[in-house]
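Trainee: I should like to be introduced to the structure shown below. May I put some questions about it?

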Amino acid sequence: MDPTELGSFYSALCCVRCSGRGGGAAAPAAPVVPADPTDPDSPWACLDCGAPYPPGREAEVLGRLEEAMAPPPAQQQQQQEEEEEVSARCERLLHTFSGLVHPNHRLMIDLQSRLAEAYGSGEEGVGPRMEEMTRPMLQRKVQVCHQVRRDRKCFTW
Ligand SMILES: [Zn+2]
């Protein structure tokens with residue numbers, strides 16, 4: 001099987017060694033993929049620089065991301081004085097994991113798609129209404145929509 005999953009990088013992580021080198025945050029992420037995606041024990045390595053990824057690290061990184069994406073337990077939610085809006089939470093997680101997980105990873109696409117829906121939703125605890133959105137927020141919504149567009153349609157406005 002093609003380790004790039006036909007160039008989708010749906011399961012790819014991000015090489016911390018060579019991603020963003022020379023171009024800052026805007027430089028394309030170097031994908032880290034398993035040599036054989038059908039083999040769960042296959043070693044992972046960077047497609048660009050060939051650096052091997054520590055065994056088991058991909059499961060740990062993705063486990064942390066999945067845990068962070070899960071809704072907090074109701075009890076914990078009550079304890080928080082001010083609940084973080086979905087849009088703010090998605091932005092925070094995308095920022096935190098952007099250097100670790102490839103932007104095309106299914107979880108990152110999921111986060112971007114949630115973010116695109118949250119911006120302009122106007123629902124309490126989710127995101128601002130369209131007319132409350134600042135210009136950078138609007139540009140961000142358009143940006144994430146473009147990124148998830150090939151995955152699913154999110155232009156609902
Ligand atoms: Zn690399």
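The exchange that follows goes from the overall fold to single helices and residues.

Trainee: In what order do the helices and strands follow one another along the protein chain?

Mentor: The model is a predicted one. Its secondary structure comes to five helices and three strands. Read along the sequence, the pattern is β-β-β-α-α-α-α-α.

Trainee: What average pLDDT does the protein chain have?

Mentor: A pLDDT of at least 70 is reached by 79% of the residues. Over residues 153–157, however, the pLDDT is below 50, and this stretch has eight contacts in the model beyond near neighbours in sequence. Where pLDDT is low, the predicted coordinates should not be read in detail. For the protein chain, the average is 83.

Trainee: What share of the contacts with a separation of 6 or more joins residues 24 or more positions apart?

Mentor: The protein chain has 157 residues, of which 27% count as buried. Among its contacts with a separation of 6 or more, the share that joins residues 24 or more positions apart is 57%.

Trainee: What span should helix H4 have, given its 13 residues?

Mentor: Helix H4 covers residues 106–118, and the expected rise is 1.5 Å a residue. The C-alpha atoms at its ends are 18 Å apart, which agrees with the expected span of 18 Å.

Trainee: Against which helices do the buried residues of H4 pack?

Mentor: The buried residues of H4 are Met108, Ile109, Leu111, Gln112, Arg114, Leu115, Ala116, Glu117 and Ala118. Just after H4, glycine 120 takes a positive phi of about 95 degrees. The partners of the buried residues are helix H1 (57–69), helix H3 (86–97) and helix H5 (135–148).

Trainee: Is H3 roughly parallel or roughly antiparallel to H4?

Mentor: The axes of H3 and H4 come within 9 Å and cross at roughly 150 degrees. Because angles over 145 degrees count as roughly antiparallel, H3 is described in relation to H4 as roughly antiparallel.

Trainee: Which residues of H4 make the contact with H3?

Mentor: The crossing of H3 and H4 is left-handed. On the H3 side, the contact is made by Val86, Ser87, Cys90, Glu91, Leu93, Leu94 and Phe97. On the H4 side, the residues are Met108, Leu111, Gln112, Arg114, Leu115 and Ala118.

Trainee: Is glutamate 91 exposed, partly exposed or buried?

Mentor: Glutamate 91 is found in helix H3. Its C-alpha atom is 7.3 Å from that of leucine 115, although the two residues are 24 apart in sequence. Because glutamate 91 has 18 other C-beta atoms within 10 Å, and 20 or more are needed to count as buried, glutamate 91 is partly exposed.

Trainee: How is H4 oriented relative to H5?

Mentor: Two packed helices are described by the angle between their axes and the distance between the axes. H4 and H5 pack at an angle of about 140 degrees, with their axes 9 Å apart. That angle makes H4, relative to H5, oblique.

Trainee: Which residues of H5 do the H4 residues meet?

Mentor: The crossing of H4 and H5 is left-handed. From H4, the residues involved are Ile109, Gln112, Ser113, Leu115 and Ala116. In H5 they meet Lys141, Val144, Cys145, Gln147 and Val148.

Trainee: Is glutamine 143 buried or exposed?

Mentor: Glutamine 143 has its place in helix H5. From glutamine 112 it is 31 residues away in sequence and 9.3 Å away in space, C-alpha to C-alpha. Because 12 other C-beta atoms lie within 10 Å of its own, and 12 or fewer is the cut-off, glutamine 143 is exposed.

Trainee: Which residues does methionine 133 touch, not counting those up to four places away in sequence?

Mentor: Methionine 133 lies in the loop between H4 and H5 and is partly exposed, with 18 other C-beta atoms within 10 Å. Its C-alpha atom is separated by 7.7 Å from that of tyrosine 119, 14 residues apart along the chain. The residues that methionine 133 touches are Tyr119, Gly120, Pro128 and Leu138.

Trainee: With which residues is alanine 45 in contact, leaving aside neighbours within four places in sequence?

Mentor: Alanine 45 is placed in strand E3 (residues 44–46). With 18 C-beta neighbours inside 10 Å, alanine 45 counts as partly exposed. The residues in contact with alanine 45 are Val32, Ala35, Gly50, Ala51, Pro52 and Tyr53.

Terms used:
Residues are numbered from 1 along each chain as its sequence is written. This is a predicted model: local features need pLDDT of at least 70, side-chain atom pairs count only at pLDDT 80 or more; totals for chains, interfaces and linings use all residues. Helices (H or I, at least four residues) and strands (E, at least two) are DSSP runs, numbered from the N terminus. Two residues are in contact if their C-beta atoms, placed from the backbone, lie within 7 Å. The expected span of a helix is 1.5 Å times one less than its number of residues. pLDDT is the predictor's confidence in each residue, from 0 to 100. Axes are lines fitted to C-alpha atoms, for helices over the stretch in contact, and angles run from 0 to 180 degrees between N-to-C directions. Angles under 35 degrees count as roughly parallel, over 145 as roughly antiparallel, 65 to 115 as roughly perpendicular and the rest as oblique. A crossing is left-handed if the near helix is turned anticlockwise from the far one by less than a right angle, and right-handed if clockwise.
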